[in-house]
Amino acid sequence: MSSPGTPRLTVLVVDDEAPARNELAWLLERDARVGRVVTAASGTAALAALERDTVDVVLSDISMPGLDGMQLTSVINRFRERPQVVFVTAHDTHAVDAFDLDVVDYVMKPVRPERIGEAIRRCLVQRERADAPPATPENEETIPVELGGVTRFVARADIRWVQAQGDYARLHTPDGSHLVRIPLATLEERWAEAGFVRIHRSTLVATRHISEVRTEHGKVAVVIDGTELQVSRRHTRALRSTLLRLRP
């Protein structure tokens, strides 16, 4: 439900198949957080609609004749003020590419009302984050570390990834690494809302610092500051979901 005084969203639905397009529009029109729904039957028609209207969110299919969803999003990403994009597709093979295009969510067909509602919620959260003031030294968490008998404080924002070492965790930063007596599971839980995600039973990474996601021979890895870190098969799906949800 939308709160009093909260502006409702204008949403553009893009799908070349009329039944899918109409069903999605129907679901959105019943969401109190959505004020208006515009539809387009192609990527080209979507661009024309974006020229005419101020749109907050674009829900787009990927596989379409002519300008497909990926190409459409690449164009949207060049807008000075760009709407958020959610992919609605029957295929999960484009998830990594979607992350690279900075989409907010990746919804699988057939769509469920609660899943579309969750996508809208994520768009609103992203918008609130974009409008929020940046973190300051007063509200950014710091971690005390011991080095040569001296205690210094490492800002969480500087931590790229964390590796488990028994009951300890090694924090990797641009200046080096630091060993602290905190279990990895504790940091995973404490820092989840800050965009840290487990990619392996012994590795936790900060999604904001991921520069690449590599897939080769069915294996996935992420690259942070030039270092390649392997993603276990168990954690691959959760990583992709988290990247789409938390990528600013």
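Two residues are said to be in contact when heavy atoms of theirs lie within 4.5 Å. With that in mind, we can walk through this structure, which is a predicted model, beginning at a residue that a database record singles out.

That residue is D61, which UniProt lists, in an unreviewed entry, under "modified residue: 4-aspartylphosphate". D61 sits in the loop between β3 (57-60) and α3 (69-76), and if we leave aside residues up to four places away in sequence, D61 touches V14, D15, D16, G69, V88, T89 and K109. Its relative accessible area is 6%, and because buried means under 20%, D61 counts as buried.

From here we can turn to strand β4, which covers residues 84-89 and includes Q84. The relative accessible area of Q84 is 17%, so this residue, too, is classed as buried. Again not counting residues up to four places away in sequence, the contacts of Q84 are D56, V57, V58, V104, C123, Q126 and R127.

Strand β4 also brings us to the aromatic rings, of which the structure holds 2 pairs. In one of them, the ring centres of F87 and Y106 are 6.5 Å apart and the ring planes stand at 85 degrees, and because planes over 60 degrees apart count as edge-to-face, this pair is described as edge-to-face. Since F87 belongs to strand β4 whereas Y106 belongs to strand β5 (residues 105-108), the pair ties together parts that are 19 residues apart in sequence. Both F87 and Y106 are buried. Another aromatic pair is formed by W191 and F196, whose centres are 4.8 Å apart and whose planes make an angle of 50 degrees, an arrangement that is called tilted. W191 and F196 are likewise both buried.

The last stop is a sheet, and it helps to recall that strands of a sheet pair through backbone hydrogen bonds, either parallel or antiparallel. Here 5 strands form an open sheet, in the order β10-β9-β8-β12-β11, and their pairing is antiparallel. At the edges lie β10 (176-180) and β11 (196-200), each of which pairs on one side only, and from one strand to the next the twist averages 25 degrees. Looking at one edge of this sheet in detail, we find that strand β9 (residues 168-173) and β10 run antiparallel and are joined by 5 bridges, and that L171 stands opposite H178 in β10.

Terms used
Residues numbered from 1 in each chain as written. Predicted model: local features only at pLDDT ≥ 70, side-chain atom pairs only at ≥ 80, totals over all residues. Heavy atoms only, no water. Helix = DSSP H or I, 4+ residues; strand = E, 2+ residues; numbered from the N terminus. Buried < 20%, exposed > 50% of the residue type's maximum accessible area, 1.4 Å probe, protein only. Phe/Tyr/Trp six-rings, centres within 6.5 Å; stacked < 30°, edge-to-face > 60°. Pairing = 2+ DSSP bridges. Axes fitted to C-alpha atoms, helices over the stretch in contact; angles between N-to-C directions. UniProt positions renumbered as here; feature names shortened; annotations may be inferred.
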